[in-house]
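Here is a brief report on one protein model. It covers burial, ring pairs, a helix, a sheet and the cysteines.

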Amino acid sequence: MKIKRFIYVLIALCHSLCVCAQDVSYEQVVGESLSDSVREDSIPWEDRVRLQLDTIVYEAIDAPFTVGMCIYDLTQDTLFYSFNENKVLRPASTQKLLTSISALSLLGASHEYRTKAYYTGKINRADSVLNGDVYVVGDFDPTFTYEKLRDIADALIGQGVKCVRGTLYADISMRDTLLYGKGWCWDDVPSTYEPYLSALMFNRGQNAPASTKYSKDPAFRPWTHFLITLGDVLKEKGVIAISAEGDTLESFSHGVKTLLSKYSPRCFYTNSTTVEQVLQRTLKNSDNLYAESLFWKLAKINKNKGCTEKDGVRQIEKVLRKAGVAINDVEIADGSGVSLYDYHTANTQIALLRYAYQNHNIFDYLYPALPISGKDGTLSKRMTSGNVQYNVHAKTGTLKGVSSLSGYINAPNGHLFAFSIIINGVMKNKTGQDFQDRICTIIAD
């Protein structure tokens, strides 16, 4: 337990008293020298901080919860303080750091999500009939809205189409059709916390254009909902569906089908969203859908169709190795930290934070996207006064029994520190948050 530091300080104080006693009276030593020697500012900042951290760690040893923590001086590139830094724990939403840093490293901030719409066959200009099918190809864009879906309808009408003799298809071949992440709790789905996962959806896969609720129908599929709504919008705008015989149909037929080049498709609509845009909500708001979209974009690297969870894991592990992490102590199941199967150490997160700091193409986008203490995101109501306010850029993590905080903090010695504090077995989230806030305050003061 680094108790030697405390002993060293006591020895230094005793030495100071002995020196003073050679030249002054006992009363002067007691009345003046002793007072001066124990002044807090007489102890070097680094030693004072470590002593205060020792005190908190002593509390943690007797606490019912388990703590793993690591604090790293990035400016000096040296370990500053650690406790249980190699203990394997559940990270909760600080898992998003692994996902986000990996996405910035392998994809880059300007990498785009592209939702595209195509038609096959030909448009008969004489009667404005599309004799072919419409395909919407999903790329897991979490920002896609009802308004953008309406833009698809407008773009098709802009091609001169008033009738469709064909089918509306969703191409969701980018990934598997599993609706939820590996290790997600069945009794929490679907919800804002554990949303539907789909290559093609609008308004987060929620019920209706103006709804913020999720369908509880076991047969509900986000991509089918997308196509039905697109058909309704087309009808609203005056586009009709007709049969092969030319009869007007009540509604558009729809289905799931992969668009192949042999169909000679023509692209008439593209919507683009960048990784940088998705990163903001992933970190500031701890949005699980956005984090999962980054995870599946990683999975798509070198594999355009049929991506699985294992493909995403492999890409994150690639970045972990670049950062010098021993992946034997890492278990990755999803991109958001919702899964019961996510495990790693405080050291893992420090290695990734250090890797990000050393690469400006990552750090320049990661740092401003993190919540800021007392200012915004999930840290807006924490650490709201004193030197610690505005000085912490960090990702929070909260699950039942788990509280974590990892990121960067500016110290009064002018150095930038990376820190990771993961707490498991904590019954009240506030207990874990208070513990983390005290540590950050000590470093910032």
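## Burial and the ring pair Tyr196–Tyr214

A residue counts as buried when its relative accessible area is under 20%, and as exposed when that area is over 50%; partly exposed is the range in between. The model discussed here is predicted. A search of the whole structure finds 18 aromatic pairs.

Tyr196 and Tyr214 make up a tilted pair, with ring centres 5.8 Å apart and 55° between the planes. Both residues lie in the loop between strand S8 (168–171) and helix H6 (222–236), so the pair ties together parts that are 18 residues apart in sequence. Why is Tyr214 counted as buried? Its relative accessibility is 8%, and the buried class takes in values under 20%. Tyr196 is buried too. Its relative accessible area is 2%.

## A stacked pair and a cluster

Tyr135 and Tyr263 form a stacked pair. Their centres are 6.0 Å apart, and the planes meet at 25°. Stacking is assigned because the planes are under 30 degrees apart. Tyr135 sits in strand S6 (residues 134–137). Tyr263 sits in the loop between strand S10 (254–256) and strand S11 (266–274). The pair therefore ties together parts that are 128 residues apart in sequence.

Burial differs across this pair. Tyr135 is buried at 1% relative accessible area, whereas Tyr263 is partly exposed at 24%. Elsewhere, one aromatic cluster is formed by Phe144, Tyr146, Phe202 and Phe226.

## Helix H10

Helix H10 covers residues 346–357. Does the distance between its ends agree or disagree with the expected span? At 1.5 Å a residue, the 12 residues should span 16 Å. The end C-alpha atoms are 17 Å apart, which agrees. At the N-terminal end, Thr345 acts as the cap. One of its side-chain oxygens lies 3.3 Å from the backbone nitrogen of Asn347.

H10 is mostly covered, with nine of its 12 residues buried. Among them are Ile350, Leu352, Leu353 and Tyr355. Polar residues appear in the buried set as well, including Thr348 and Gln349. Which elements do the buried residues of H10 pack against? Three are helices: H4 (95–106), H9 (309–322) and H11 (360–369). The strands are S1 (66–73), S13 (402–410) and S14 (416–424).

## A four-stranded sheet

One open sheet has four strands in the order S4-S5-S7-S9, with mixed pairing. Its edge strands are S4 (122–124) and S9 (240–241). Each of these pairs on one side only.

Strand S7 (residues 163–164) and S9 run parallel and are joined by two bridges. Val164 has Ala241 in S9 as its bridge partner.

## Cysteines

How many disulfides are there? The count is zero, with a disulfide taken as two cysteine sulfur atoms within 2.5 Å. Cys267 is in no disulfide. The nearest cysteine sulfur to that of Cys267 belongs to Cys307, 20 Å away.

Cys267 is partly exposed, at 41% relative accessible area. Cys185 is also partly exposed, at 25%.

## Lys428

Lys428 lies in the loop between S14 and helix H12 (429–444). Is this residue buried or exposed? Lys428 is exposed, with a relative accessible area of 61%.

Lys428 and Val402 are 26 residues apart in sequence. In space, their C-alpha atoms are 8.9 Å apart.

Definitions and conventions: Residues are numbered from 1 along each chain as its sequence is written. This is a predicted model: local features need pLDDT of at least 70, side-chain atom pairs count only at pLDDT 80 or more; totals for chains, interfaces and linings use all residues. Side-chain values use heavy atoms; hydrogens and water are left out. Two strands pair if DSSP finds at least two bridges between them. Buried means under 20% relative accessible area, exposed over 50%, partly exposed in between (1.4 Å probe, protein chains only). The expected span of a helix is 1.5 Å times one less than its number of residues. Contact means heavy atoms within 4.5 Å. A polar contact is a pair of N or O atoms within 3.5 Å; within protein, one must be able to donate a hydrogen and the other to accept it, and residues adjacent in sequence count only if both atoms are side-chain atoms. Rings of Phe, Tyr and Trp (its six-membered ring) pair if their centres lie within 6.5 Å; planes under 30 degrees apart count as stacked, over 60 as edge-to-face and the rest as tilted.
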